[in-house]
Structures are given as C-alpha cells and as structure tokens.
Amino acid sequence: MKNEIKQPIRQRLKKGLKQGLRQEPKRGLKQGMIFTVLILMLVANVLPAGAAGSGDAGESFPMSKAELSDAIILYMKVLYLGEEGELPEAEFLAGAATAYLEQATESDGSVLKIATPSVIKSASFIGDSSLGVFAHLSNPPLMKMDAEGHLVGQLAESYEVSENNTQWTFYIRDNLYWSDGEKVTPEDVDFSIRYYGKETPWARWINDTLESSTVSEADNSVTFKFNKPYTRINLEFATYNILPAHVWESIESPMEYVNEGPYVGCGPYYLELIDLNAGKLVFEKNPYWKGKAPAFGNVEVHYYSNVDVATLSLEKGDVDTYYKYAGSYPYPNIEQLEKAGNFEFLEKTNIGLVFLAPNLKKAPLSDLEFREALSYAINYEELVRLETLGYGDVPNRGFVPPPMEAFKETEKLEYNPEKARTTLEKAGYTDSNGNGILEGKDGKDIELEILIRTDYARTGELLKEYLEEVGLATELRTVNTETWFTLKDSYAYDLTVTRSTPWGMLMHASWGSGYFDSRRTGQGVMHNVDDPEFLELCDEILATTDPAELETCAYELQDYYAEELPVIPLYWNNVVTPFNREFEGWYADPLYGIYNLENFVNVHEV
Amino acid sequence: MNTLLEVKDLNVSFQGNENENKTGNKSENKNETVTAVSCLSISIREKETLALVGETGCGKSVVAHAIMRLLPPESIVKGTIEFKGKNLLKLSEKEMAKLRGKEISIIFQNPSLALNPVYSIGHQLAEPLRIHTQKMRWKEKEGKKEKVKQKEKREKKKENSNLSKVSRALKRVGFSNPREYMGYYPSWCSGGMNQRFLIAASTMLDPVLLIADEPSKGLDRDRVSELENELKGLKEKSETSLLLISHDLGFVRRLADRVAVMYAGEIVEIADPSSLFESPLHPYTRGLLNSLPERGFVPIPGASPPLSNPPAGCRFHPRCPIKEKRCTQERPELKESNGRAVRCFLCP
Amino acid sequence: MHEAAKKTFRYVASFLLIVTLNFALPRLMPGDPVKNLIGEDVYVSEAVMEELRTEMGLNRPLYEQFTAYIGDLLRFDLGYSYHLHSPVAEILRERIVWTLLFVGVSVLLGAALGTLFGAYAGWKPETKANRLACCGFIALSCTPPYFLALLFLEIFAFKLGLFPFKGFYDVPTPGSIAHHMFLPVTVMALFSASRNFLIMRGSVIQEKGQLYALYARAKGLYDISILFRHVIKNASLPIITLLALDFGFLFSGALFTEIVFSLNGMGTLIYDAIIGKDYPVLQGSFLVVALAVLLANMLADLAYAIADPRVRRPA
Amino acid sequence: MMQEEAYIGENTTQESKIRKSTIQESIIQESTIQENTRQWNDFRSLNLDLDIRKYGKNLKRFNRGGLFLFTFFLILALIPALFAPYSPTERFIPYEAPSTAHLLGTNDIGNDILSELVYGARISMMVGFASACISTLIGLMIGLLSGYFRGTLDELLMGFTDVVLIIPKIPLIIILGAFLRPSIWILILVLGLLSWESIARIVRSKTLQIREAGYVKSARCMGFSPFHIMVSDIFPNLVHVLLPKFMLATASAMISEASLSFLGLGDISMKSWGIMLSFAFSRGGFIREMWWWYLPPGVCITLCVMSIALIGFGFEGREKEKRGVDAE
Amino acid sequence: MSLKAENLSKTYGSGLLGKGKCIFRDVSFELEPGQTCGLMGPSGEGKSTLGRIIAGLESPTAGTIHFKDSPLSGMKKAEYATFRRRVQMMFQDPTDAFNPRKRIEHSISEVLKLLDTPGTERIRRTKEMLKTIGLPEEVLARYPAQLSGGQLQRLALGRILLLEPEYIVLDEPTSALDVSVQAQILHLLKKVQAEQGIGYLLISHDEAVVRFMSGKMGMLENGKLKVFE
C-alpha cells in the first residue's frame, strides 16, 4: 500500500496544476477547475462511503476534513481577494491538491504498468478468469511454453511420464519460497492440483480421474496417478496457478473466496492488491524470490472496459505496455504509436487464428465441393490487408499456423472467383432461374446465413461481398458472444466466423482439433466434425507422448484439414505488443504472449 | 378636486401574428394590426370612481394594463398617461416599478389565477410591504458589522409589523380570524375569498389609484353584492380613486361617480350614472341598456366588429337603428357638453 | 386518504409486477448460463454441467424457482453470483455506494445547473446568450451519451492530460476520487442539466405568462425578481417529477459513461450481468433500480404535496 | 437513449399538473379550474398574448432552422445517390485522409466515408420514424382509451403505464437486443414498444381535458358513438400534442439506435450512422485521430436529432401561440 | 310524453374508501313539452350535474329518469337511441361548442349524417336551420375560432334543432355572453320554443333570465330542490 505509487501521471498532474496557475490567460479556467476539484474532495470526504473503498485506506488521508475546508476557504480567498499574494497561495494549494495524489511514497525502483482490456470483474483469485491469467506472475504454474512452443518446466524443474501415460511425476525447483517466507513444497503442488479438481468446475476432470498422488520429500517431487492415460498433462499444468497450501487449506470454497489481497505468491512478485474501483492489480516484489532479481518494485495491471481508452492511455504514456490474452494490440493504432516514437513493438505470429467454420451437418456446406468452391471465393489477401493491416498472412489450407510445433507446409489458400464459380457449377449448383443466385440441390436459392460475433463484423461484411460475387446469397447475423455460443451449439447457422485462442489450439488433441471434434463441448468449440477419420486421428494423438509419433499424426491432421476443409482459415495474424522504449528485454511465448515470468525478471529500464 | 390621472389620445395596437393560421384562413390573419384602443381620453379626479363599461373585446382591460404599463413590450402605446403630473409612459421601468403597487394598484378579474398558487396568502399579502420598504434596508446594509445584530432585530420587528399590517388588512376585508387565513393557499379558498385577498393585497399600501379590472366577472350574485360593499367601504374609508372596469351595468351604476361607455376600442359616451342610465344618448348605450333584463332583453342586432378591421365611419353604424349616410363615411368625434360627452353625429 | 390508498395500491401492484418481470425476463434469454460460468475453451462433461445446473437451481420447474425466488426476496437474500463470486446483496451494496456518489453528485449538479440556466433562459428567451445556451443544451441532449463521453475523454484526458482515463480513484483518497470522478461527473451532469434545462425553460415560459406573474409585476416587483420570487417555484414543480423519473435512467443510463471511464458501478454491473447472463445479479440490480425508482416516485409525490399546496388542500 | 425522457420536456409541465389535479381534486373543482383557465386564456388572447407570440416567433426561428436541416437530411435519405460521390460499398484504399477524391476520406475497408454517411441517413431516419410511429400509435390508443372511458380501464391502463415507466429501459433494450436477432426491424419494434408511456400519459391528460369540451359533450349528447367521437373529435385536437411527441420519440429512437450500435447490438448489415460510429471506434478511427471518420456520423446524429427535436419544440411553441388565436 | 326525474341523488368521489361528497338528494320534477322550467341556485351546488343527469350524460347515484314513461336505465337500444335524439343539452361556453379543427359545415353535416339524411336533403335542412337561427350561409365555411360567441351559441342551438329534440337542457346558455348578445339568444330560444314546442330545462344563476324565460322555477340549494310556480 505504501510503496505503490510514484507514477508519472501524478507528477504530471502536479506540474500541470502548478503551470496552470502560473499561466496567465487560462488562469481563471484552471482556478475554477481546481476549486471544483477541492469541492469534490470535500464532498467525497464528507461522504464516508466514498473513501471506504478499501478497508484500511482511511488512515492514509494526508489531510483531515478541517484542513481540507481550510484549504477551500483559503482558495476562495485567493480567488476573490485581489491579485497580490496569489501565487504563493496558489502554489500552496496546488501542492495541497497534489498531496492527495502523492501519497507517501519512498520508491524503490520503478513500476511496470500493463494496460489490458480484459476486465477483472471480481476480486476472486480463483473464480475470475482474467485474474487467473494475471496471477501467473505471482503464482506460476508448473509448466510453461518457451518461445518455440515447447513445454518446459517453470515451478517444475523437470517431469516424467510413465509408459502407459497414467503416471506423471513433477520435480519441483528447490529455490522457491512463498512471499511469507515459507518454502514451496511438493505438497503445495499436490494441494493445488487436488484443490482445483475438487473446487472448480473446469478442473473437475482431475477430481474424476486422479487416482492417487504421492509426494516425495527426498527428490522434491510429486507424482500424479490417473485412472486413464493422459498425454497432455504437461500442457494442462501450464495453466493451473500453484497455491500455498498453508494459506488456502483453511479456505473452504475458493470459488467464492473474495479478497482484495494481498495473496501469498511464489513468483518474483506477489499480488498485493486487487482494486476494482481503481481498475488495477498491484503486484509487489516477493522478498523471498531467489531467482534473478526483477528490475521493478511493482508491476501494475490496469484494465479498461473500453479498448480505445486502453490504447489512448498507452499512447499517452500512462502505461508501458499492452497485453491481451490471445489478442494483439489493435492493428489500426500501431501506426499512431509508431508516430508517437517512444514505443517499440514485439511481433509474433499468433498460434490462434480467425477462421470460417461451416456447418457440416447441413447442406450445402456438408458438400466438400461446395466448401472447396467457397475457399476459392474468398479474397484472403484483401482480408489480411484490411483486417490485420499487413500484420498477418494468407493461411494454408492446413489451418495450423507456422509457429506451432510440427507445422506442415500445405497449399496456400487461393482466391480465384472464376474457379469458385466453375467448381460450383461442376458440383451442380447452378442458377437455373436466372435471378443471379445459385440454387442448391433441392432447387431452392441458396441463402447462407453467416453468424458472426461482433468482433468480426467487418470480416463478415467482406465475406458477404465475396460470396455474393460468386452467386451465393448471404445474410449476416451479428450476435454478441453469448448468443453466439447458444446458436453455434444448436448448429443454427450455415457459416460462422470465429477465432481460436492459443490455448484452444493446444487443447484436446492439439493443432486446433479441440475446436472441431464433435465429441466435445465448450464455449468457443465448434464440435462440427464427426468424420470417423478425424476422430480416430484425434484419439491417436491423445494416446501418445512420443514426439516422433505426434509429429506424424500432426502432419496427417493438417493434411486432413487441407483436403476435407472442415474449416476455412481466413488469416493468420501476428500478435503485436507495443512496449515503452525505456524498457528492454522482452520476449513473447506462443501461449501467453508477453505475460510470462521471464519478462518480469528480465525486462529492465534502458 | 384635482385631476389625478389624465389619459390623452391613448392608442394601443398590437402587431398581428404573421404566421399563417392553422385553420387555413391564411389571407385573413396575415400581418394584421389590432388596434385595441384608439384615441381614448379619460381623466380621473382624486377620490373619484370612474367606470369603464363595454362588452367583451372592446378594449377596456387594455386601458387598465396600459395605465399600469403591464402590456407586453411588443404592444405599441401612443398618447400620454399623466399621473400626478408625470407621464407614466416616459418613466423608466424601474421608476414605474416603484409606483406599481404603491401608488397605483390593480385588482385582476380572475383572483384565483392572480394569486400565486404556491405561496401562502399571508406571504403574498405581505409582499407589497416587503417590496416597497426594501430601499430602507439597502441603506442599512451600508452599515458596519456591529450593526448586524441590530439590523436582525429590526428585521424581525419589521416582519412582525408586516404580519400585523397584513392581519389588519385582512380584517378590513372582513376576515374575523386573519391569522388562520394567512396560512392558507389560494387554491384552498373560493373565488370570492380570493377576490377579497386580492383587494386586501392591492390596497395594502393605500394606493392613490386602484384599478379594478372586471372584479365582478364570474362571481355569483351574492358575491357581487359583497364585492360592491367592499369597494364602497374602500371608497369611504380611504382617499383612493377607483377606475372600475366592468361589463356589468348594474354593478357600475351603483358604484361609479362617472361612467365611460366603450365600443370597439373607442369611448362612445361619458356621463354620470344617473343621467347615463336614465337618458342615454348614444344609440349603442341605449341598445345596451335595452338589452338588460329589467328592460325586457331587447337586443341590439348584429355583432361587434373585429378590432383588426373596424368599419369605416362611426364604428357602430352597421348596427345602428338611426344611422345616416354620413355615419358610414365620417368618423364622429367625442363631443362634450354640460358634463357629458358623446360620440355621435345625431346626438346633441 | 382515499387517493393515498389508491396510490399505495398502485405502487404495490407496480412492485409486484416488477418482481415478476424481474424473475421472468432473465430466464427468457438464450444461452446456457452454466457454460458461461465455465469459460471459453474448456471441456466439461455433460454430467458436470448437469451437476452445476442443479447447484444453481436452474433445472427445477419454473414455478418452484419462482417460489424459491420470492422466499429469498423476503429474507433479503438476493442470491449468489457465480460470475462475481459473492452474494448479490453484497455486490450491490458495494457498487451502489459508488454509483450513488457518482450519479448523486451529477444529478445534483445537473439539476442545479439546468434549473438555473433554464429558468433564466425561459425568462428572457429572446436574448442571444440564452438562445445560444438553448441551442447548446438541445445539441447536448441530442448527442449520443457515449459519443460525448469519449470526446470528453479524448480532449481532457488524452489531449490535455488533465484527468485520468479510468477508475473511481487510483488510491482511495478524496483527492484522487475527485480527480478521477471529475470527467464522468461532468459528462453526466451535462446530460442531466440539458434535460432539466429544456424542461425548466419551457416551464418558465409557460409560467411567466400566468396571471400571477403579471400581478407580481403589478405589485411592483421588478424584472428578474419576479422570476425568483414567483415564477421559479411554480416552474420547478415539474422538475420534481422529472428527477424521480430520471433516477432510473441515471442508475442504468450511467452505463455508457461507466463503460467509457471504466467505472466499477451499477451500470457496468448490469451490463456485464446481461452479457454474462448472471441471473442473480441481473435480478438483484433490476430490483434495486426499480425499487429506487419507485421510492423516488413516492418521494416525488410527497415532495409535490409539500411544494404544491394545490395537492394538499385540506378537506 | 438517455435523452428519451428529456423530451417529456415542455409538456410535463401541463401533464404533471393535470395529473396531480385530477387526482387530488374532485370533478367540480377541476371544472372550475378549467373554467378559470379558460377565462384567463380568453383574457390573455385579447390583451396579452403578444408575449407568447414573441416566444412563438423565437421558436419559429428554431423551427425554421430545424426544418431546413431536416429537409436536408430527408433529401439525403430519399435520394442518396444524388449526393454520394460513390456507392457506399465501393472500396478504395483504406484509411485515406480527406482529399478531393474523398472529401471525408475512406474508412478501414476503403469505403468512401461521405458516401457511407449519405446512405446512412436513410437507415438512421427510418429507425427513428418507424419506431416513433409504433410508439405513438400505442401511446395514442392507450391514452385515448383510458382518457375517454376513465374509470377502471383508466386505472388499469395507467397503472400499467406507470410500471412500464419505472422499468429501466436501457438494460431491457440490451436484453432484448441480445436476445433477438439484431435486425433493424426488431430494433425498431423494441424501441417502439418501449417508449410509448410518455405519449400515453400526455394523450390521456389531453383527452381528459378535451372530453370535457362542449363539442365532445354535445357529440355524446347527440348520440355519436365513442369511436366516432375519439376519431373525429378528439384525435384531430390531439395532433398538435402528438406531433412534437412523435418528433421527439423519433429523435430518442435514433439516439438509442446509435447507443445500441456502440454496444455491438446493432444490425451491421444496415449501415446507419450509429453503426458507422461504432465501426469508427472499434476499427481504430478514434485512436488514429481520424476525426473525419468518427465526427461526421456523430455530428450527423446530433444534427438530425436536433433538427427533429427543434421541429418538435417548434410545434409545441406554435401550439402555445395557437391556443390564444383560437380563443379570439 | 313528459320527461320525469324521480328521487335523483348524486354523490361524487365515493369509492372503496371514503364517503364522497353528496351533491344533491331526492330531487324529483317533471318537464312538459313546450314549457320552460328554470333551475336556479348558487354555483357549485350541482345544477349542471343535475342537468347532465337529466340529459343522460351521467348516471345518478340513485333515482330514475322516465322518458315517455319508460325508465332510462331499463331502455332497449332502439329506445335509448330515440331518447338520445329527443333529449339534448346546450352548454354554457359557446367557444368550445364546435370542434375547433373542423369547419362549421363539417360539424353540421356530421350530425345530419348521423341521422342518415341524404345529401340533397342535408343542404336543404342546413339552410332551413340557418334561417331559423338567423345566420347567413357564410358561417358554414368558417372555423369556430372565426365566429363570435353569439354566433356560435346560435349555431349550437341550430345543430341541436336538426335532431328534432323534444327537450333541451340549457346549461347557463347565456352566462358567457355579453348582455346584448344574451338578449338575442334568449329571444331566439323563445321563438324556437314557440315554433317547435320544445320543453326547456333552463339552468342559470341569473334570476332575471330565468324569470324572462320560464313559468316554473326551481331552486337547488343545500342539495335540495325547492320549486316555485
């Protein structure tokens, strides 16, 4: 609480106020403003509720009510009684006003500030999904993904899998300490994993399939034994934050546990404060961190409910970098930031992508030839140009983007409306009644309903144009995300535009298969492919941990995508992360982008 | 007796409405000027009651408002209105405001609407006192801080004296327990009561001239006689001159010292009530009197001309039973002879 | 007394209808709330989903859900939000304080500003300044609120750097709060003011044509003092009704301002609850808003009775 | 959206007063008040109406400006091809700054912004007018019925209206917008169905008034059917109250549409100004400081809504003025 | 053939709660065709309400009205329609007697349409009516706002006469008019009565008017009716 501030914004404000008072022409305006601010302060002060945002904040008021009203009276005097003697008083007042903002701050090192549009909705450490991602910094998972997309240990030094893939042993690093001084033990890991399994719906599978777990003090390891083979536990465990058992043991239902902090963590920082009203998370240095010493005293995550505002504040310099899980900094604004000059950019191809999912259960999209024709009708280059502003590529038919492991170079998707038309004709889709719209096999005009989430409104528009070009009538239906979930689950669409996230690309049998396997359910999941060939492939992948075997399967899967077109990728895009030039040493992993421990220990001021 | 108010050649006209009438008669309503009062001259002597009589729309209320200078700024007022030797039309608005309510007061025709619905009777009655004694307070304000307490005391005293003045005024108009009524609001009271409140408010500062604008309109017979007594009492007790504007001939006859009859914006006859009612000269006056109940409801044929488009010549000629040729062409002047005046070629 | 009873009856009926609507509406929305609870890209078996559904009481028959809902209401239990991981009542209590502060200050400022300027503009509608003010306020009331908020944000926070971009505060001190609330309060107050301005202006124009205003002039009052001593009290009566009606609008209508300024208030709460199908929060906040509006209307009726003697005529 | 109620505006004055007085006072007192008012109006019309006329003139100036603007937008909406240099779907180089070829530059997919703007007028105005038609119609029916028949029907309808008035509109619109397919027609329907209460109230209070007028009483006395009386006697006298209300409902519907678009609940296949604006924000026009992209639709909304509102106010003003002329 | 009122009472504002205000109680009288019955009394005593009840525009709280010996409440549709034509009412305020948005012509022909009068007949009857009330034909093209109170009151009477009524309730027919116009209207009323044998119930607060018009006179005071011959 004490050390968190020394933000440039405060100083700027202070400077601004003082300057404002000195600038003759605008003086009246600024005075009025400061006066209003003071009045508002008084109002806020009188209303005890106003300050009761966080429990112990009351003590830190630098001015009492009486002082404040004195200040206001003084200020009024300054305003109304003559010009003389104005400056010193005004300066005093500017000082008084900024004193609030100043808040006793003996700084140790600077603060790294991250802007994000992912809003934290509740101060629930376990329950809030956005918070779960940000807490990687304080409570790192066992595993992580390196820059090349390989899974490596994070809290775990290494891991082992048994022959039959049912038994996973993780060896924990022994130089890890919780921020309260306790050592991180395998019991903590065991506790955390079981805890999630027991308490959270999304990890219920652990509870259901974990047979037993054993902790070995000797080699600082924990072994999980499942009642069925799992091949991707290392990936799964790259997402579960490890919790201190001695703290969380006593918390009955963690989903419902709401606390503004601090939370005990074992990363280079621990989560000091979740301040919903200020819209920020404050991470404090972990005093017991034995790894490389981080360069910042604090890390702050500032979230904004409006993306534009987030980018504005970045451009303004209020924050140092921008992070959005599975997303890039908005492309249109990059140019603006480049012009501003004090930002550099980290660019990396996203392993998630935007794609067009056909409804394979319904004619005409169930017809491969039709899909084939469709794939020729789309102008990928223009999509890349307009949607990613060049920060992307025309995708291959094989769906999977290059940065993924075992990427196979398949044929690039091609824009050829002529070919699309002939393919359609060959497949029997002709316009016999001459109204410019092709008829389906049932003789009726084809009218495709494209379901789009609001984020892809423009893509939808372009698609509509492309499809109409080749004689396919289309209707756009824009829905908000939640409605989209419902509609795609009931297959109430012909085509839909959606995207995959990095984690989504890796889940299930990896390489995006999790989105299409019809046996699955889930929010973003299309579950539209029930071709046995595809399902078999998935099962094969799920049954092995052998890298060579996996690679073969992956190639096969990508070939399947390329041949059967169960999904038409629209563009591969890059994740662009701007960061303040004053800091260097950034890198991004495919899963969580720049939000990884390496950055928080390595990034430093220039 | 001295002349208190002298109105000479008063002309009041209103700029008509230029936008077309929704009902479609575009040509008729375009850019017309309504001359509500033309060439009106009257005088009121001290303690005298002058009645202005006429039918709806003949412009009598406009005269009252013109004297008080309450007409909207868009109206065009010509002529002179001399009050105690000062031309009221030349005074600034501020000077006029000082006169209003203090020297000249008015009673409007609709007491329930003239009183502010959200203030208590007491508050509204005391208002003239507050308004017209403010100047004193301003002087006090110049005093220094040590006088503040004194001032407060004085103000309290003033408030108290105001209250007692108000209750005295209420008593005067016949309320036996004024304190209770002071807490009432206009909407709680009947029209007759409000009428009396209004009279009390308007006579609070003993104005030299009281204008009563259709005070009997909309009142019951009983109420009218009450009002009559009220006004009679007022005349007897105070030095006030009264300009009584009414369409009720009987009422006027009982109250007025002199009666002026108006028709279509002009005065057609001025006389003392007895001679006017017994031997009216102007054909209009005669017609008017004949249509009274006691004379058997003998109507004047036709209807009053619109003020926007009065007939040429004598304004009464279209309805006149004895009109001659010149009546339709020339406009008669108001001729005065032995205390009476009449605007007719055919009357001596 | 008869009228009062009728009014009370109407209020009670309104309240019951609101409660029912409140129960029914969120349930009519599409989408499986359980799925929203779990999150994107997560695989969960049907059995687990079913279990969760049971836990949330969503698979019981509707009438059972309704009786349970009413029962909880009577115990002031507004349910538990699985999205926000707290009892709804608690969330509401927290948010309402801020929204009240934010909305309350804006409404008061807006009412004061709008009434004063509106009264003056209505008193002298023909002067240039007033015509300009009128145009300005009409324009203001015709601007989509989020547009104005974003423009303000760009100009004052981004271009001039005078105010922060988001949040109620940075550190919970009055100074910080005032600094952060300045822009959103200004935007809301301007909106509130523009509504009040137009009404007050019309009202004054109407009232000043009344006979009592003329009589006030006849009593010797001069120009603006007629406005302040006589007209303004009459003319501001409709503002009472408006403020009451405004209440609901401001509670939920602050939504856009809250989104733009990333404020953690009732507006965003409701918006998120709608988007996330957070039934309990949705119901709770609807109930609170509707109750607040009902209460405000009742207060307005009372205030009206106090301010307007025509209403409280003794028998 | 938020302004919705702002336009109860000038009428609230009368309305609320009438509401209170009808509630609190017996019918006799009411009629005397009406009588008083009538007398006062007579008086005013004869002597003092000029003040109000002046006010009317003043409003007319607004009205004229509003009418001019409105006609301009209406022409845009009716024959956009005349003003738009290109088709709104034609694509050029994206993110162009204003130039002679593209007076307002191009947007993110290269559409000419000016053309888009011109074509947007039709959709925005259609949303406004269509939903205002619906709400006016509903409000008129409910208001007429409850004002004319009074009694239990009145109690029921007005109770219902009160409840609808209390329901927070924006969340409800968001819910419905999310629930139903965001087609422009649904939007129109939703907006129309949710904004009739103030119209119903004013129509009711006006009907209560007119009901007591001599010509309605005579008509009843002569045996005309209630339907005939409502259609032929009461309705024509409501037009002047309805018209401004209609205009204001139009204005608020347009703002609502823009607001919903901002939340992503609009119909993107219909490029209204609101949708344009929301694209300008979501596609970087705002942060790239392309004011020529995000300001014009915003300003157009404001201006168009304003022109409509001004006409509405103008009608109200004219009516105030008219009342005087009538009585003469 | 008469219009009879028996034991009429009227109470306002009675509902579930509260007793309401009693306007008058047990009022009985009889109207004969060709006769005028005057009804006087201070304002606010329910004269107009009584008039409206007799004209069938309001229903009494208690008591009955008999038209040609059949009670109003038990009338069949056709019977009621005849009653509706035969008993008319004329109101105090001439300025709102006609719909301000319609030309006089329109208002008049509407009435004739109600009577299913054919087109040519309509013109004839309108002209006839205008002759009776003594107004030129120009007035037909006017809007009510363009006519004076006296003219409007004449027209209001004329419109009623088109329905060939047997009884007319005159509710303060002249109190909003100037004395000279009042005299005109009163004479017209007398003339019409003499020609068509209509029975009037004249409600007025002006004793002179009532005396001028009627033989029978009633006084409504404190909720009771006192009849003088």
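Start with chain E and its contact map: of the contacts with a separation of 6 or more, 73% join residues 24 or more positions apart. Keep in mind throughout that this is a predicted model.

**Stop 1: chain E as a whole.** Select chain E and show its cartoon, where seven helices and 10 strands should appear. Along the principal axes, the C-alpha atoms fill a box of roughly 50 × 40 × 35 Å. How does the radius of gyration of chain E sit with a compact globule? The value is 18 Å, which agrees with the figure near 17 Å for a compact globule of 229 residues. If you colour chain E by burial, 50% of its 229 residues come out as buried.

**Stop 2: the four-stranded sheet.** Still in chain E, pick out the open sheet with the order β2-β1-β4-β5, whose pairing is antiparallel. Which strands lie at its edges? They are β2 (21-31) and β5 (70-71) of chain E, each pairing on one side only. Now select residues 3-12 and 62-67 of chain E: these are strands β1 and β4, running antiparallel and joined by five bridges. For one pair to zoom in on, take E:Lys4, whose bridge partner in β4(E) is E:His66.

**Stop 3: the helix across the sheet.** Add residues 47-54 of chain E to the selection. This is helix α1, which lies across β1, β2 and β4 of chain E. Relative to β1(E), helix α1 of chain E runs at about 125 degrees.

**Stop 4: where chain E meets chain B.** Next, show both sides of this contact: 17 residues come from chain B and 20 residues from chain E. On the chain B side, the residues divide into eight nonpolar, six polar and three charged.

**Stop 5: the largest nonpolar core.** This core holds 520 residues, and the members that touch the most others are B:Leu244, B:Ala260, D:Ala309 and E:Leu201. Centre the view on B:Leu244. Beyond residues up to four places away in sequence, B:Leu244 touches several residues, among them B:Thr49, B:Leu50, B:Ala51 and B:Leu52, as well as B:Ala212 and B:Val252. As background, nonpolar side chains tend to be buried together in soluble globular proteins.

**Stop 6: a tyrosine in a loop of chain A.** Finish at A:Tyr240, in the loop between α9 (233-236) and α10 (245-248) of chain A. Is A:Tyr240 buried or exposed? A:Tyr240 is buried, because 22 other C-beta atoms lie within 10 Å, and the cut-off for burial is 20 or more. Leaving aside neighbours within four places in sequence, A:Tyr240 is in contact with A:Pro141, A:Ser192, A:Ile193 and A:Tyr196. Draw a C-alpha to C-alpha distance from A:Tyr240 to A:Ile193: the two are 47 residues apart in sequence and 7.5 Å apart in space.

Definitions and conventions
Residues are numbered from 1 along each chain as its sequence is written. Chains are lettered from A and ligands numbered from 1 in the order in which they are written. This is a predicted model: local features need pLDDT of at least 70, side-chain atom pairs count only at pLDDT 80 or more; totals for chains, interfaces and linings use all residues. Helices (H or I, at least four residues) and strands (E, at least two) are DSSP runs, numbered from the N terminus. The radius of gyration is taken over C-alpha atoms; the globule rule is 2.2 Å times the number of residues to the power 0.38. A residue is buried if 20 or more other C-beta atoms lie within 10 Å of its own, exposed if 12 or fewer, and partly exposed in between; C-beta atoms are placed from the backbone. Two residues are in contact if their C-beta atoms, placed from the backbone, lie within 7 Å. Ala, Val, Leu, Ile, Met, Phe, Trp, Tyr, Cys and Pro count as nonpolar, Asp, Glu, Lys and Arg as charged, and the others, Gly among them, as polar. Two strands pair if DSSP finds at least two bridges between them. Axes are lines fitted to C-alpha atoms, for helices over the stretch in contact, and angles run from 0 to 180 degrees between N-to-C directions. A nonpolar core is a set of buried Ala, Val, Leu, Ile, Met, Phe, Trp, Tyr and Cys residues joined through C-beta atoms within 7 Å.
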